[in-house]
Amino acid sequence: MPPVNYHEGRFPPVDLKWPALIPLIGPAAAAVARYDGMLAAIPNPSVLLAPLSTQEAVLSSRIEGTQTTMGEVLEFEAEREVSSSERHDDIHEVLNYRAAMREAELQLATLPFSLRVVREAHRVLLGGVRGQHKAPGEYRRIPNWIGPPGCTIETAHFVPIGADKLDGAMGDWERFAHTETQDRVVQLAILHAEFEALHPFLDGNGRLGRMLVPLFLWQIGLIRQPMFYISAYFEARRDEYYERLLAVSRDDDWTGWCCFFLEAVRVQAEDNLTRASAILDLYQKLKVRVAKMTRSQYAIQALDWIFERPVFRSSDFITSVAIPAPTARRFLRVLKDGGVLTLVREARGRRPALFAFPALLNCAEGREVL
Ligand SMILES: Nc1ncnc2c1ncn2[C@@H]1O[C@H](COP(=O)(O)OP(=O)(O)O)[C@@H](O)[C@H]1O
Ligand SMILES: [Mg+2]
């Protein structure tokens, strides 16, 4: 079968089948609104939801084959070293993902949602090791294609727009992002699919396209923080995700794609809400418990610190928690004996002990990992 080519002249879609979309729009919007209500209740979302942001970076990167886990990423951050070099590259991709999100967030504080912000995020995403030969921050100047590993442009499933037409098409994409449309989540669905069909960069298009989800929802005011985690849905249904994207170009099936996307948003908004409220619950319960356990004015300070770094070296805790060192040492003992922290690795020679905060990691993963 010859590859499907980019749907020249058919963006934005003009004949969406609204009767099919409408039953999905209400529930998706309601779920996003409920999740946003939860965001309003969280005192410090960038700290409390940090593990969810890390997990999103892991899952979004996993869709195209990066193999690492949140536990490995956090352990690497704590230890600043890792055993195998293959894992090292994977972990770096995940850390770059988080950094790219932070960069975009920072830029969007002063700039409008724009191609400039997209390119800057790409520059960070592909900065360093694996991406450095993939023109970070620049559109491709050569053709690319999507298909089975090792395929050629003839045996590919899909061939995105030609590089010569990319500039104009990206301009259209940006203009569409700034159009007031009938429904904002449907608009986001279209923006994601078009971004993937254009495939403006040599690599990283999938990840960047998924980052657009929280960024756009935030920019148009549907959520109050740039925190929305969509990738678990796509990762669990990868074949359908790719097939729906392909059907846009092949069959002009924008409606089918939008239905799939609306359902993804609803399911993920509900899932995000469950996880975020579990984390907030945990925080509030531990505030009381850790105060009782430590009988110290520094209890909350220590708790906030471990929420921010749920895998850490004892020496980092002691030097950076801003609590007198003997007290900080006592805290580690008390929190371990009380079951809040687990000792991952004993101190040996000059190597400090490694601790984890399993209850938080489990909330983020939605299952028992430790
Ligand atoms: N048929 C298709 N049409 C358009 N986009 C597709 C299709 N199949 C897959 N994709 C998108 O392409 C992405 C992979 O592109 P790539 O540039 O390698 O991104 P990344 O490196 O971030 O995984 C997938 O994650 C998906 O979003
Ligand atoms: Mg790739």
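Helix 8 (residues 184-198) packs against helix 12 at an angle of about 115 degrees, and their axes lie 9 Å apart. That is a good place to start a tour of this predicted model. The protein holds 16 helices and five strands, and the notes below visit three helix pairs and two buried residues before turning to the overall fold.

**Helix 8 and helix 12**

- Angles from 65 to 115 degrees count as roughly perpendicular, and helix 8 and helix 12 are therefore roughly perpendicular to each other.
- The crossing in which helix 8 passes helix 12 is right-handed.
- On the helix 8 side, the contact is made by V185, V186, A189, I190, H192 and A193; helix 12 contributes W254, W257, C258, F261, L262 and V265.
- Sorted by class, the residues of this contact between helix 8 and helix 12 are eleven nonpolar, one polar and no charged.

**Helix 12 and helix 13**

- Helix 12 (residues 254-294) also packs with helix 13 (residues 299-308), here at an angle of about 130 degrees and with the axes 9 Å apart.
- Helix 12 and helix 13 are therefore oblique to each other, and their crossing is right-handed.
- Which residues of helix 12 meet helix 13? They are Y283, L286, K287, V290, A291 and T294, and their partners in helix 13 are A299, I300, A302, L303 and F307.
- The contact of helix 12 with helix 13 divides into nine nonpolar residues, one polar and one charged.

**Helix 3 and helix 4**

- Helix 3 (residues 50-62) and helix 4 (residues 70-79) have axes that come within 9 Å and cross at roughly 120 degrees.
- That angle makes helix 3 oblique to helix 4.
- The handedness of the crossing between helix 3 and helix 4 is right-handed.
- From helix 3, T54, Q55 and V58 meet M70, V73 and L74 of helix 4.
- By class, four nonpolar and two polar residues make up the contact of helix 3 with helix 4, with no charged residues.

**Two buried residues**

- Is I306, a residue of helix 13, buried or exposed? I306 counts as buried because 23 C-beta neighbours lie inside 10 Å, and the cut-off is 20 or more.
- I306 and L360 are 54 residues apart along the chain, and 9.3 Å separates their C-alpha atoms.
- N96 sits in helix 5 (residues 85-108) and is buried, with 24 other C-beta atoms within 10 Å.
- Leaving aside residues up to four places away in sequence, N96 touches V124, L125, G127 and G128.
- Between N96 and L115 there are 19 Å in space, C-alpha to C-alpha, and the two are 19 residues apart in sequence.

**The fold as a whole**

- A compact globule of 370 residues would have a radius of gyration near 21 Å, and the protein's value of 22 Å agrees with that.
- Taken along the principal axes, the C-alpha atoms fill a box of roughly 70 × 45 × 35 Å.
- Of the 370 residues in the protein, 40% are buried.
- Consider the contacts between residues at least 6 apart in sequence: 65% of them join residues at least 24 apart.

Methods. Residues are numbered from 1 along each chain as its sequence is written. Chains are lettered from A and ligands numbered from 1 in the order in which they are written. This is a predicted model: local features need pLDDT of at least 70, side-chain atom pairs count only at pLDDT 80 or more; totals for chains, interfaces and linings use all residues. Axes are lines fitted to C-alpha atoms, for helices over the stretch in contact, and angles run from 0 to 180 degrees between N-to-C directions. Helices (H or I, at least four residues) and strands (E, at least two) are DSSP runs, numbered from the N terminus. Angles under 35 degrees count as roughly parallel, over 145 as roughly antiparallel, 65 to 115 as roughly perpendicular and the rest as oblique. A crossing is left-handed if the near helix is turned anticlockwise from the far one by less than a right angle, and right-handed if clockwise. Two residues are in contact if their C-beta atoms, placed from the backbone, lie within 7 Å. Ala, Val, Leu, Ile, Met, Phe, Trp, Tyr, Cys and Pro count as nonpolar, Asp, Glu, Lys and Arg as charged, and the others, Gly among them, as polar. The radius of gyration is taken over C-alpha atoms; the globule rule is 2.2 Å times the number of residues to the power 0.38. A residue is buried if 20 or more other C-beta atoms lie within 10 Å of its own, exposed if 12 or fewer, and partly exposed in between; C-beta atoms are placed from the backbone.
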